[in-house]
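Thank you for sending this entry; my remarks are set out below as numbered points. Please read them with the structure open beside you.

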Protein chains: 2
Amino acid sequence: MQEQSPSVWTRPRKKPPALTRELIVATAMRVLDAEGLEALSMRRLGAELGTAATAFYRHVASKDELIELVVDQIYAEIEIVESDDPADWRAPTLACAHSLRAAILRHPWSAQLFGAAGLSYLGPNTMEKTDRMIGVLETAGFPLEAANRALSTVASYVTGVTIAEAAALSLMARNGLNQEEWVELMWPVAERAAQAYPRLRRLYAAQHTAGVSVDATREDQFSFGLRHILNSLESERTTA
Amino acid sequence: MQEQSPSVWTRPRKKPPALTRELIVATAMRVLDAEGLEALSMRRLGAELGTAATAFYRHVASKDELIELVVDQIYAEIEIVESDDPADWRAPTLACAHSLRAAILRHPWSAQLFGAAGLSYLGPNTMEKTDRMIGVLETAGFPLEAANRALSTVASYVTGVTIAEAAALSLMARNGLNQEEWVELMWPVAERAAQAYPRLRRLYAAQHTAGVSVDATREDQFSFGLRHILNSLESERTTA
DNA sequence: TGCCAACGCGTACACTGTTCGCATAGGGTG
DNA sequence: CACCCTATGCGAACAGTGTACGCGTTGGCA
């Protein structure tokens, strides 16, 4: 229905082949966002673009490669802000961390892929963002390898926390429930399962009476850990 | 061939049904460790146990449930040591973190499952270890919810780091290469890909001339971040 | 004009998880 | 002892998966 122009291609010569890596990746992303990882099959993607399932293999080596491309695309959404003060590494790092978290939560299906991502560390977007953040840390006084270590530490924390969040989110989406319905459904199960474990029982009871807002809690917990990590990383910086 | 006795069943009455949840999970684990996640199909599992693929559905609701059981089994391998000094929370937490990392690396295929683990937080082994660690932190002076937050922070970091490591390990295993062969194969690719990114180029060059031992580096990096996180968490403790 | 590479399609294959009905075997009850 | 009834495993079948292969078409270049 939409007659939109292809708008982006790598080399502006020859005819536009109606199927492009960019178009395929974008469409895959749309399906994934709308219906989750399990919904994405080559035949489904073909139906979405009005082509056969096998058409994509002219542009993409395999479904695995397609998925690597899609995952790398997530990194394109990360915004890196460079502070005016070259010594200020905390603000950019915090922003980057929150941006990465937000990007993953925007595409919760990606949680299931981080553990499988083979070479995706070499994806262009991944590398570009990594490079720029290392640059920020370096100009703020971190030696090169320390900057790499620091960034890697932060990134591991962010993905670790966020994968867990996204997994829950993705599960909710698969069952077509919003957050409230989900906790309402799962709380009794969790509480009953916790009966055998004294600390967990007390913890759940306390959280129940407090009536936690799950969203805010998760955000707080994320910031909590992140702040602590940054505090600690400060010591690795050669305060010139 | 092996005529080993069933050795473990939940209820010691009636006849031993030749297929048990425990046996199924253990066999699945064996296949996974030997050949990775993709190799585990119901038919393959059937071949392993000399049964049809459909036999398992009497003992397990679905393949997903089987996988949740297997993942929870990983947590059974975590060792929790309680220090003599009740105020010492660092040693047990460090030990637990290293134990979790080791357990995941012992079963690298699990990396691909952490993002999908739906209710596995409610697995018995998962809950037991969590409960005990919260206990350790609480007796060391953390208020209940702070203990939970702290443990959660550490766990997120550990899984975040280790998933990335395990993903690489699992990829190597799938291609039947050891670590040396792998770096030898991938290094030129990575180095070439990094040409466009100044900081990464310098970083790789530096690491190349230094001749890093990948194993030691990863272990160091893990301990580095972990130590920093524990340092920071200390402040959450009410030093009674 | 003729060629040739790029592209998309249809078919086919080997697999996957799972459902359903059937055979069987063994313990509990009469 | 005879019966039943439940638990268990099996075989066939189904819908759906990724992808290899060969065929037509088509558009740009010599």
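The points below take up the symmetry of the chains, two helix contacts and an aromatic pair.

1. Please keep in mind throughout that this is a predicted model. Chain B is superposed on chain A by a rotation of 180° with 0.0 Å of shift along its axis, and the RMSD of that superposition is 0.1 Å. The two copies are thus related as by a two-fold rotation axis. The same surface serves both copies, since 98% of the contact residues of chain B recur in chain A.

2. Which residue of chain B comes closest to the rotation axis? Among the residues of chain B it is Gly160(B), whose C-alpha lies at 1.8 Å from that axis.

3. Between the chains, I would look at helix H8 of chain A (residues 198–210) and helix H7 of chain B (residues 144–175), whose axes come within 10 Å and cross at roughly 105°. Angles of 65 to 115 degrees count as roughly perpendicular, and H8(A) and H7(B) are therefore roughly perpendicular to each other. On the side of H8(A), the contact is made by Arg199(A), Arg202(A), Leu203(A), Ala206(A) and Gln207(A), while H7(B) contributes Leu144(B), Glu145(B) and Asn148(B). Sorted by class, this contact has three nonpolar, two polar and three charged residues.

4. Within chain B, helix H8 (residues 179–193) and helix H9 (residues 198–210) have axes that come within 9 Å and cross at roughly 150°, which makes H8(B) roughly antiparallel to H9(B). The crossing in which H8(B) passes H9(B) is left-handed. Trp187(B), Ala190(B) and Glu191(B) of H8(B) make the contact with Tyr204(B), Gln207(B) and His208(B) of H9(B). By class, the contact of H8(B) with H9(B) has three nonpolar residues, two polar residues and one charged residue.

5. How many aromatic pairs does the structure hold over all chains? There are six over all chains, and one of them is formed by Trp89(A) and Phe142(A), an edge-to-face pair with 5.1 Å from centre to centre and 80° between the planes. This pair links distant parts of the chain, 53 residues apart. Trp89(A) sits in the loop between helix H3 (63–76) and helix H4 (90–106) of chain A, whereas Phe142(A) sits in the loop between helix H5 (124–139) and helix H6 (144–174) of chain A.

Definitions and conventions. Residues numbered from 1 in each chain as written. Chains lettered and ligands numbered in written order. Predicted model: local features only at pLDDT ≥ 70, side-chain atom pairs only at ≥ 80, totals over all residues. Heavy atoms only, no water. Least-squares fit on C-alpha atoms with pLDDT ≥ 70 in both. Contact = heavy atoms within 4.5 Å. Axes fitted to C-alpha atoms, helices over the stretch in contact; angles between N-to-C directions. Helix = DSSP H or I, 4+ residues; strand = E, 2+ residues; numbered from the N terminus. Parallel < 35°, antiparallel > 145°, perpendicular 65-115°, else oblique. Left-handed = near helix turned anticlockwise from the far one by under 90°. Nonpolar A, V, L, I, M, F, W, Y, C, P; charged D, E, K, R; others polar. Phe/Tyr/Trp six-rings, centres within 6.5 Å; stacked < 30°, edge-to-face > 60°.
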